[in-house]
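Colleague: Got a minute to go through this model with me? I'd like to hear the reasoning behind some of the labels.

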Amino acid sequence: MPTRTADRRPRLTRVDGPEELRRRCDRIRAAGLSLGLVPTMGALHAGHRQLIQRSRAECDRTVVSIFVNPTQFGPAEDFDRYPRPLDTDLAVCTELGVDLAYVPSDAVMYPEGFSTRVNPWGALAETLEGARRPGHFDGVATVVTKLLVTARPDRAYFGHKDAQQCAVVRRLAADLDTGTEIVVCPTVRDADGLALSSRNARLDAAERLQALAIPAALAAADAAFRLGERDAEAIRDLVLRRLAESPGLAVDYVAVVDAETFLPVTRMHVRCEILIAARIGRTRLIDVLTPGTDERLAVGVGG
Ligand code: AMP
């Protein structure tokens, strides 16, 4: 496989529309080079950096999309308030050696007359986030499909923090015969254990302290699992009790599910995930842990 040396690293190219993206990606493939795609909504942090670095390590060329996708936000959600520090994001892409930054406008992605929606259905897409955020996974699936169809990457990189999104996208990539390998990367956390998210910036110091109950509850569940607890309801109770110690935190759900189907389990096994969604003031946070794995919650993990 051809490898790239630092002195031959091409400069970042910004691409604004699907025709140019397709042309450039076709050229990469025609040259026999592999292509990695990292879909993002910008406001890049260390979680995104990890995905980009993984793609850079595994693929000859990397395209990062930066698009705050309106169709995955509900009417009462924070689309308008979502941060859009594009210049900083492009600087991060340059620093990390990204080849293409795809930055389409809303009008380019959803032009007048747009009337197609990719609709993942069934338990996987309709439970938990799918139930709380109607239409969310349709929006995600539609934009991810557009990106996969246009770029036709060998691999696409997603973060485990959005575990249900990972499962929906994996299903979509298989169901639609995309031929793209979906690579799921571990959750990157701040030094205090909180999973990195652009929404964390909205928490004030007191709210952030309350939010730390989320990784603490997951760590407690992980510890119990490692000590042999396999009863999913007991793990769920443990998590709920730990979260209840933070009165400023309104729990949306705590679920123990199979990682592929997202159906609740009664006995824990190695492919289970513990999911938490909670609100602190106006900020909604989600987090996840696959207990017993290398993806630990210790302070400073992933930095
Ligand atoms: P977003 O920009 O929030 O749409 O996220 C783009 C990608 O980055 C998604 O695949 C997310 O799951 C991933 N991501 C976001 N936060 C983290 C994190 N803390 N650790 C790992 N991946 C993340």
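Modeller: Sure. This is a predicted model, and in it α10 passes α11 in a right-handed crossing.

Colleague: What makes α10 and α11 roughly antiparallel to each other?

Modeller: Their packing angle is about 150°, with the axes 9 Å apart. Angles over 145 degrees count as roughly antiparallel, so that's the label for α10 and α11.

Colleague: And which residues in α10 and α11 meet?

Modeller: From α10, the list includes Ile-214, Ala-217, Ala-221 and Phe-225, and from α11 it includes Ile-235, Leu-238 and Arg-242. By class, that contact has 12 nonpolar, no polar and one charged residues.

Colleague: Why are α7 and α8 called oblique?

Modeller: Helix α7 (residues 136-151) and helix α8 (residues 163-175) pack at about 50°, with axes 10 Å apart. Roughly parallel needs an angle under 35 degrees and roughly perpendicular starts at 65, so α7 and α8 end up oblique. Their crossing is right-handed.

Colleague: What classes of residue make up the contact of α7 with α8?

Modeller: Eight nonpolar, three polar and no charged. Among the residues that meet are Phe-137, Val-140 and Leu-148 in α7, and Gln-164, Val-168 and Leu-172 in α8.

Colleague: How do you know that the backbone of Val-188 makes a polar contact with the ligand?

Modeller: A polar backbone atom of Val-188 is 2.8 Å from a ligand nitrogen. The cut-off is 3.5 Å between N or O atoms, so the pair qualifies. Leu-196 also has a polar backbone atom 2.8 Å from a nitrogen of the ligand, and for Gly-159 a backbone N or O atom lies 2.9 Å from a ligand oxygen.

Methods:
Residues numbered from 1 in each chain as written. Predicted model: local features only at pLDDT ≥ 70, side-chain atom pairs only at ≥ 80, totals over all residues. Heavy atoms only, no water. Axes fitted to C-alpha atoms, helices over the stretch in contact; angles between N-to-C directions. Helix = DSSP H or I, 4+ residues; strand = E, 2+ residues; numbered from the N terminus. Parallel < 35°, antiparallel > 145°, perpendicular 65-115°, else oblique. Left-handed = near helix turned anticlockwise from the far one by under 90°. Contact = heavy atoms within 4.5 Å. Nonpolar A, V, L, I, M, F, W, Y, C, P; charged D, E, K, R; others polar. Polar contact = N/O pair within 3.5 Å; in protein donor to acceptor, adjacent residues only side chain to side chain.
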